[in-house]
Amino acid sequence: MQTKISYYQNKKEFRLFVSNTYQDLIKLKKDDDKPSFNVLVLKIMPEIKKYVNGQLNIAIKKGHFPKNKIKADDIIDQLFIEIYDHIDEVKQEKDFYLWLFKKTNELLDDITVEEEFDEFFFKNIDDYSKPEWDAMQENFSTDGDGHLLMIEELDDISYNHNDYTLNHVFIEDNQKALIEKIDKELSAEEIQNHIQMVLYNLPYSMRNVFELFTIEQLELEEIAKIRNNTLEEVSQLLNDAKQALQASFLKRFAID
């Protein structure tokens, strides 16, 4: 199983870069130099756009709005305005990164519909048979017209591929042997496809916390600030998501 060391390093470097732009952005706004302000913000946006695209793709697939009605660029354009108009709310450069994600989440919340908790899926995750899991995977891999979704259709720099690994799901020391067993029996593609499919069927709050923790590498305290949740709520959401994923692997692939 390959680790994503370079990816993680890039995330840390990106966070540092965002923080380091804060003082320059504040100065440019004071100087009323909006063109230069936007040029600097533009350097931040590719990573943020990946996150936005990931959220929109699921919302579209769930039927919250038609494909192409809302694009990531629409959110990014509004985010430019939000940053310029409200960056003064940020008191320290170390807070700028989280503030940016908070603003992004608020914009996404304004256009997406609150998902109904699929309690049946969550409560019965231990009871699905392998054919039922396979049928769910097939349905997840097709669009509304029954056509297979090809990754090439989404293969651009702004799409968040979310490289999930088993280490995102199984974290206890006593699960190392289980990780090795699953890793031997399943390909990296099968593992990613399964995780994405299960996350898709979980409530938005669970999925969002899991993604912010694993993909964006934010601490639970930081996620709580972004989502306006308590630390206890965020911790429970992450734990529920991981338990659902663990149970789904064990049941679908009959792994003891």
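Biologist: Which residue's side chain does Glu-185 meet in a salt bridge?
Modeller: A salt bridge here is a side-chain nitrogen of Lys or Arg within 4 Å of a carboxyl oxygen of Asp or Glu. For Glu-185 the N to O distance is 3.2 Å, and the partner is Lys-181.

Biologist: Before we go on, what kind of model is this?
Modeller: Local features need pLDDT of at least 70, side-chain atom pairs count only at pLDDT 80 or more, and totals for chains, interfaces and linings use all residues. Residues are numbered from 1 along each chain as its sequence is written, side-chain values use heavy atoms with hydrogens and water left out, and the model is predicted.

Biologist: Back to Glu-185 and Lys-181: about how far apart are they in helical turns?
Modeller: Both sit in helix α7 (residues 176-185), 4 residues apart; helices are DSSP runs of H or I with at least four residues, strands are E runs of at least two, and numbering goes from the N terminus. An α-helix has 3.6 residues a turn, so residues three or four places apart point the same way. The separation of Glu-185 and Lys-181 is therefore about one helical turn.

Biologist: What is the relative accessible area of Lys-181?
Modeller: Buried means under 20% relative accessible area, exposed over 50%, and partly exposed in between, with a 1.4 Å probe and protein chains only. Glu-185 is partly exposed at 44%. Lys-181 is partly exposed too, its value being 35%.

Biologist: Which residues do salt bridges with shared partners join into one network?
Modeller: Bridges that share partners chain residues together, and one network comes out of that. The members are Lys-11, Glu-47, Lys-50 and Glu-216.

Biologist: How many residues separate Glu-216 and Lys-11 in sequence?
Modeller: Their side chains meet in a salt bridge at 2.8 Å, N to O. Glu-216 is in the loop between α9 (204-214) and α10, while Lys-11 belongs to helix α1 (residues 5-30). Both residues are buried, and the pair links distant parts of the chain, with a sequence separation of 205 residues.

Biologist: And what is the N to O distance between Asp-134 and Arg-252?
Modeller: This salt bridge pairs Asp-134 with Arg-252. Asp-134 lies in helix α6 (residues 130-140) and Arg-252 in helix α11, so the pair ties together parts 118 residues apart in sequence. Asp-134 is partly exposed at 29%, whereas Arg-252 is buried at 8%. Their closest N and O atoms are separated by 3.1 Å.

Biologist: How many strands does the protein chain have?
Modeller: Read along the sequence, the pattern is α-α-α-α-α-α-α-α-α-α-α. That gives 11 helices, and the number of strands is 0.

Biologist: At roughly what angle do the axes of α10 and α11 cross?
Modeller: Axes are lines fitted to C-alpha atoms, for helices over the stretch in contact, and angles run from 0 to 180 degrees between N-to-C directions. On the scale used, under 35 degrees is roughly parallel, over 145 roughly antiparallel, 65 to 115 roughly perpendicular, and the rest oblique. Helices α10 (residues 220-227) and α11 (residues 231-252) are therefore roughly perpendicular. Their axes come within 9 Å and cross at roughly 110°.

Biologist: Which residues of α11 does α10 meet?
Modeller: Contact means heavy atoms within 4.5 Å. From α10, the residues involved are Leu-220, Glu-221, Ile-223, Ala-224 and Arg-227. Across from them in α11 are Leu-231, Val-234, Ser-235, Leu-237 and Leu-238.

Biologist: What span from first C-alpha to last does helix α4 reach?
Modeller: The expected span is 1.5 Å times one less than the number of residues. Helix α4 (residues 96-111) has 16 residues and an expected 22 Å. The model comes close to that, at 23 Å.

Biologist: Phe-96 is in α4, so is it buried or exposed?
Modeller: Leaving aside neighbours within four places in sequence, Phe-96 is in contact with residues including Val-18, Tyr-22, Ile-44 and Ile-87. Its C-alpha is 5.9 Å from that of Ser-19, although the two are 77 residues apart in sequence. With a relative accessible area of 0%, Phe-96 is buried.

Biologist: What is the phi of Asn-228, roughly?
Modeller: Most residues other than glycine have a negative phi. Asn-228, in the loop between α10 and α11, is exposed at 59%. Its phi is positive although it is not a glycine, at about 60°.
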